[in-house]
Every structure is written in C-alpha cells, then in structure tokens.
Amino acid sequence: MPTDLAVIGAGPAGLAASIAAAARGVRVTLVDAAPSAGGQFYRQPATGLGARRAQALHHQWRTWTRLREGLDRHIAAGRVTHLTDHHVWNVERTSTGLTVHALSGPEQETPVAVRADAVLLATGGYERVLPFPGWTLPGVLTAGGAQAMLKGTLVVPGGRVVVAGTGPLLLPVATGLAAAGVAVAALVESAGPEDFARHAGALAAQPGKAVEGALYTARLLRHRVRILPRHTVLEAHGDDRLEAVTVAALDPAGRPRPGTARRIPCDTLAVGHGMLPHTELADTLGCRIDGVAGVAVDDEQRTDVPGVWAAGEATGIGGAALALAEGHIAGRSIAARLSGTAPDPRQWERVARSRAALRRFSTTLDGVYAPPAHWADQVDDATVVCRCEEVRAGTVREAVGRLGAGDLRTVKLLTRAGMGWCQGRICTPGVAGVAGCAPTAARSPFARPVPLDVLAREPLQEGPDAC
Amino acid sequence: MVGAACALYAARAGLDVALVDRGPVAGGTTGAGEGNLLVSDKEPGPELELALLSLRLWDELADELGPAVEYEPKGGVVVASAPEGLAALEGLAAEQRAAGVEAVDVPANRLRDLEPHLAPGLTGGVLYPQDRQVMPALAAAHLVRASRARLLTGRTVTGVLRTRQGAVRGVRTDRGDVHAPAVVNAAGTWSGEVAALAGVTLPVLPRRGFVLVTEPLPPRVRHKVYAADYVADVASDSAALQTSPVVEGTAAGPVLIGASRERVGFDRSFSLPVARALAAGATRLFPFLEQVRAMRTYLGFRPYMPDHLPAVGPDPRAPGLYHACGHEGAGIGLSTGTGHLIAQILGGGRPELDLTPFRPERFEQEAV
Amino acid sequence: MNPLELAGARPEPAFTVTFDDRELQALPGWTVAAALWAAGITSWRTTRRDGRPRGIFCGIGVCFDCLVTVNDRPNQRACLVAVRPGDVIRTQEGTGHAD
C-alpha cells in the first residue's frame, strides 16, 4: 500500500491524527516503537498477560476505547498500516518526498524505510530528572518508568516506594502503585499549596482537571499515603542499591529548611521533575525548535519544513487531552494539504478552542510545578551528573571555573557530559543547572543508535511501500 | 586551536595577549575536529616542515599537559587495498623519509600485527610512528589557560582599528575596543571575514566534513588507520563530495569515523548519504564495526585555501596585521608550529621556518 | 492486591530464562527488565569507568542505563527487549564488548 502520510508515534497525538487523516481518505502508515498502540499515556499490558481489566490501570478509558476502535476500523479497511516495534532513527528529506528510517526486529537491526509525502512527528516526551546525591543507585528510577513497568508488564518495583519530585505525573503514579499493592511511603512534591493558590483562578478554569486531582488525592489518603508538599529529596542512600532517602522541607526561597531533614527507608524511589519533548527527528529535519519547549508549529500544526507536521508533547508538554486536540487538527490539515487544498479552520473550531484552553492550562501548571529554585546547590562535586559517561558535578564546575566554559556545548566538549548512549537526553537539564548555563534541547542526527552495517547499506523500501 | 597556540607562544615570548572570540573556546572548527597531529598525510614541502616543527612542540607541551588533553602518541597506519595504491603509498613514504619522517613499510602479512581487526585482503601499508592524537577542545582550553592571556569570549570583532598612517592598532568589537600594536587573525574558516575588516582579501573557503561516532568500545583500533586514497582526497581541489575511510579509537571509548570533504558553504544540515558513505568505508576497513552502532555524527568546516597551504605571517597590505589561519583539516596539528612562528616574528626575531610559501598576500600577487 | 490481580490478568504459561546462570520464571509479554524485577533483581550492568551497578532508570528506552547482554548480544535495552523462552541474560560489564 502506498503511503501518503507517515505518522511517527502511536500515542494520543499520533492516533488522533491517523484517524482524522484516514477518515478523509489519506493512506496512513503509523510507525511506533511499542508492541501495541497507546504511547506512554495509554500504554497497554502486553497481550500475553491476558489482562481483562486494563482499565484499572488507566483513567479516561472511554477516550482510549474510542481511539482503539477507530484505529482498528481503519486498519481493517486498509487505510492505516500499523508498524509496531519499529524504532525510527531518522527522517530524511529526498528529492521525491520524505523517507522514514526505522529499525525493527528483536535486536532492532532490521532496516525498514517508509516513503511518504507527509510526515507527522508525534514523538511524545520523556521525563526530566534533575540529579541529586545517590540518584544513580539501582532502585532509583523515573516516576514515568515505574508507571510504564506497571502498565506494560504488570510488574511493580520493590515493596516500599517513595514518589518524589514535582509535576502532575506524581499523583497518578503514586495512586497507581498504591492500587497495585505497593506500599507508598511518601509522596514528596516540591510545589506547595501556596503555589496552587497563586494560580487558583487559572486552575479553576479547567474544572475537570481539578476534579481529577481531588480524586487522586482522595485515593492516596485511602491508601494512607503520606503527602509531603513543599518537600524535596536531598539524597538517596545505599551501597549497591537504594535503602533510604533523606527528605527535607523547603523554605519559601526553595532551600531546604535546616532541621527538617529526615530519613525514610525505602527500596524504590520514583522521581521526576516534569517532562521534556522528543525533538531530535524534527531538529535533524531542520524544523525550528523553540528552545527546550518543543517543535515550533503553526495553527495547523505544521512545522516550518514543508511536508512535516508535529503534534502532542513533541510540540510542548501539555498532556494527553492537548495531544488529542493537536493530533486531530494535524490529521485534518494534512488531509486537506495532501489533496492540494487549504483547510478551513472553522471546521475544527471547537477543537482549536479546546487546544487553546489546554495550552493555557499547561502554562499555568508550569508555574505551579517547579523544582526547588536552588536544587543545584544540593548536588555535591562527587555526584555523577551525566549517567552514561559518569561525569561528576565537580568536573562540570571545573570546566566552567577553570577552563572558562560558558555554554552547554563547551561544557560537553570539555567534560564528555552528554556524549554517551543517551546523547544528553537525560543529563542536559542537570548539567546545565550545575554549570549555571541555559539548557538546550538534546540533538542527534540519529534518534536511536544505528548499526554501522545498516547505515552502510542503501535501504530497500521494505516498508508497506514495497509492494 | 590556532588562536590558543598563538596566545600561548606569544605570552611565553613576553607579550601581553588578549584573546578575542565571538563564540566560546573551541567553538568553531576545533570543537568539531578529531584532533589529528599528522605527518603521514603530508607530501614533502613547506606544510610537512611545519608539521614536523609542530610535532616537536606538541611533544614538549605533552610533558606539561599530556593527560589533561588526552595526548596519545599512537601512530598512524595507512593501508592500500590494491597493488597500484600500495606502490603510490610506498613511493610517497620514501619521499617523506627523505624529508625526515619516520615511515615503515608494512607487508600485507604483518598488518594484523599492528591492527588485529583489519579486514583481510589488504595489499600492505605504511606505519607512521610520529602520528599523534589529542582531544582538540581540551587542548585549546588548556593552552588558553596556560597562556594566561586575557580571554574575551562572546565578543565579535566588528572592525580593525588603523592609525592615520594605516598601521593596525587593535580591533573594534561589539563590546568595546581592544588596543594592540599587533593583531593576529586566527579566525579559522571565518578568517576571510576578519581579513576583509582590515581591507585585505584572504580566500578562505569552508570545506565541510562529517565524523561518525560509535558506541564506546574497548581499545580495538590502536592507531589512526586510513586508506591510501585519503591523501589524494586531502590534496584534491574538487568541490564535490569525497569520502575516504579514516578510523581511530579514542581514550574515551568511541571510535571516530571520517572523513568526508565537500564544499557546500556553511550548510549545517545533516546528510544521510555522507553518513552512509563513511559507514561503508569504515566497515570495509574494519568488518567488526558492522555490528557496532553509530551514536551520533558531528560536522565542521575546514578552512580551505586554494593551494592547501595556510596563511602564516605578516600582511604587508595592513602593517601590524598577522595571519595564522587556513590550515584546512590540519589546524590542530599545525597550531603549535604556527603559534611558535607567529610569536617569533611578533618578537622581532627571525622565524625558524621560511614563511614565504605561507605569505598571506600570495594569491593577490598571482592574480596580478 | 497485586498488579496482575488488579488488571484481571490471566497470563499464558510462564517459561524459564537464565540470569547469570540462575533460572528465572518469566511471563509471555514481559520485557527482560520485568523478568529481572519480578525476581527481585534490580541491577544488571556495571559502568565502564567506576564499575558501579545500574538497572532500570527511565523505563521507556530513552536513557540506556538498563543495558544488558542477552544471548551474547551486549547493549540491549532491558526495558524494551521482550524476554523469550530460553534467553540467556548476563550482567553486562563496561562496554559489554569483550577484549
């Protein structure tokens, strides 16, 4: 089946776009790294686990059911081809259009190329974690990671978990783990009630979200989870694995209050400080990126590169509902543009209004949830800040102080921070904070490592375009 | 890198030095280089003499800074895959030996003693024990630090100040003037623009190169290893894409794979065809790399001069202006010699090498 | 309540894999990381500079901290790779490449 549109990412944005475009006659190939659709938000238990009540792990289940049924319908009708377990490493502009390069197979070594006239980048986001002493110990993982393990494999970390950091993800993670039988020793959130009070008006403008938050809190109380607002984790303890964390209350300036530090025994720390967008594919294509905020798009979700659209977290962190709205608009825009007509935005006016409101809401949340202002002071020189290359905070500070590095690129060149396997995706915010310079979006022409023999071979069109 | 070396040697000659850069230290081509200190790829002539001088100075600096700049006297191995290539390579090696280079012919059956993972079927090669490697960004930063020069980064030179008689008396920057009776243009690929500010022309053009970086590996590639056709590519004047495999390990673990050359202006966009060509070349030389993953690429712009020689020395068209630029892909290696020679002439002495081939005004004269 | 009960799971039959020669039971659909976690194993790699233990961190394939050797292939992301019957999983040391 020839492809008009390649959608990269089968989360809410990619699904909404695929369905909207396919419903308007566009032949879609949906390329995704996971074994089944859903993305991070609607990550589904693996088929072999035979889960009959996956909804117990999720909320907004009805929305998911609608997406799933829509996708299945279009797949059955031959309008959508869903390539699962396909890891996209590059999108190439050629003289005839765009080619999506992916790796498939159990070891991700089989090259697949999908040629398309249009590409939608719905690559989602990943969690930001700022460093602190002990954060490299086994047993410390991202809040989203703990959730992904639970939703995808029905396996939970350890017996006693602390959920910590900041952001709207912590509540559902703590509730989800508690519901699955894990003892959640504490929920440590650096934002405090006064941060919410400051934005009360804007938060109340999204009553659904407020109700959602209240429900989570009620459930946590039911599971007897201790909630510690305006607190932070100072250190994780243990030799070869996590044994406890030290938490402390924060003063109004965002510094730990003397005398408030206390130790909480735990075998797992699920920690996160908000989300970052995946922008590498867009960056390599030459799309404009707005700093660390995401891929820049217009009202139709078009990037500034012809034929390339973007939607969802990749264009700025805003949650699943916003991703659905953006994906839907992108799908309709693509359908119109591919048939050579300008779309009429009045047709999606309602969705556009919802998109605008959700974007305002996420801006408000950014103001509420913030890591402690002086978090970098807690990172001692011996703390590893770049996990891959094991670069310590002291080395970063030396590059700045002794060698005069004043920007992230120079810090990276002089210390190797950000040059390892993850290509700076994890360490960039931490290294920038410790160095005292502005963070920049992680960039790499290869969104994933590529075997050299795959790179060396000119790809066959092994994708759905081949037949 | 060249600016850092000029600052170091000038400061050590007793001069008061200010180092001005519109970006950070190593922000231009230095930060995108592999850090090659090579004699192997140079034909006998003025560039090779500069390389030999530079190498001696690098060895001295290594005593001071070695580990901090990841200095590795690893040697280079050039291999040929066909008899004609080998004959040309051995011919070049013989000439280089006559010019003072250590070059050892290696028969095909001994290549794997040097590099156990090399592909079978190569016809032979030459070992160049003097080839070395350094981590270029660290080298530049440590040379700047050792020079104790006043470091003015993030300042763009917007003009060259002249006296009424026409002599250079400093530079204007976007953040104030810097006064000095001597100005050294070490702006690399952007040196033509700085020269233009002084009203003189210097034909420096960007020649783009990509480097592929693999996942970290144990030491498997011991030397800098490259195919004999690399020398021909370096010497070529073509603007079209050329790639010849250059493979080397690094102290940090990843293997670096070069080298591509193309003249496409300052286009920073990634090119998958170039990455494919580099991967194909490297896996032909080292088949074990087929299973190894590439993690990233980076690119840089070599300062290309029409005759492949740098501009080093005073500019008679603008008294007080000196050039130290246009080293193409050899700037890291040639930086020490260049800095040393510049310091000698700034101090009023006689330079150790004849600078005639490097005269910055040579192209103008040819045009006339 | 455990997660399998919560989701009303009726898994297909378990199978055996080994981790550093120890036998583990794994369920179809699990990743390598899930199989290791379920057996109480939290680290399966040592870093190449300091030799420190690492296990899962981001859980979604971004951080490469959970690299592991599966069936003699090093540098597999435990959080992504599906576990298969008979898999031989080994702690990965350093670069994962012998030499």
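Let's start in chain A of this predicted model, where three strands make up an open, antiparallel sheet running in the order β4-β5-β6. The edges are β4 and β6 (110-116) of chain A, each of which pairs on one side only. Going from one strand to the next, the twist averages 20 degrees. As a bit of background, strands in a sheet pair through backbone hydrogen bonds, and the pairing can be parallel or antiparallel.

Zoom in on one of those pairings. β4(A) and β5 (residues 97-104) of chain A run antiparallel, joined over seven bridges. If you want a spot to click on, take A:His87: its bridge partner in β5(A) is A:Leu103.

β4(A) is also a handy way into the contact between the chains. Which elements of chain A give two or more residues to the side that touches chain B? They are β4 (87-94), α12 (408-415), β23 (450-451) and α14 (452-456) of chain A. The largest share comes from α14(A), with four residues. In total, the contact takes 27 residues from chain A and 31 residues from chain B. On the chain A side, those residues split into 13 nonpolar, eight polar and six charged.

There's strand pairing across the chains too. β23(A) pairs with strand β16 (residues 293-304) of chain B, in the antiparallel sense and over two bridges. Here A:Val450 sits opposite B:Ala294 in β16(B).

Following β16 into chain B brings us to the domains. Chain B is divided into domain 1, made of 2-68 + 135-204 + 307-367, and domain 2, made of 76-129 + 205-304. Taken over C-alpha atoms, the centres of these two domains of chain B are separated by 27 Å. How many residues does each domain put into their contact? Domain 1 of chain B gives 24 residues and domain 2 of chain B gives 30 residues. The side of domain 1 that touches domain 2 in chain B is made up of nine nonpolar, 11 polar and four charged residues.

Back in chain A, helix α10 (residues 349-368) lends itself to a quick sanity check. At 1.5 Å a residue, its 20 residues should span 28 Å, and the end C-alpha atoms are 29 Å apart, so the two agree. Buried residues in α10(A) include A:Arg355, A:Leu358, A:Phe361, A:Thr364 and A:Leu365. When you look at how they are spaced, keep the helix geometry in mind: an α-helix has 3.6 residues a turn, so residues three or four places apart point the same way.

Terms used. Residues are numbered from 1 along each chain as its sequence is written. Chains are lettered from A and ligands numbered from 1 in the order in which they are written. This is a predicted model: local features need pLDDT of at least 70, side-chain atom pairs count only at pLDDT 80 or more; totals for chains, interfaces and linings use all residues. Two residues are in contact if their C-beta atoms, placed from the backbone, lie within 7 Å. Ala, Val, Leu, Ile, Met, Phe, Trp, Tyr, Cys and Pro count as nonpolar, Asp, Glu, Lys and Arg as charged, and the others, Gly among them, as polar. Two strands pair if DSSP finds at least two bridges between them. Axes are lines fitted to C-alpha atoms, for helices over the stretch in contact, and angles run from 0 to 180 degrees between N-to-C directions. Domain bounds come from an automatic or database domain assignment. The expected span of a helix is 1.5 Å times one less than its number of residues. A residue is buried if 20 or more other C-beta atoms lie within 10 Å of its own, exposed if 12 or fewer, and partly exposed in between; C-beta atoms are placed from the backbone.
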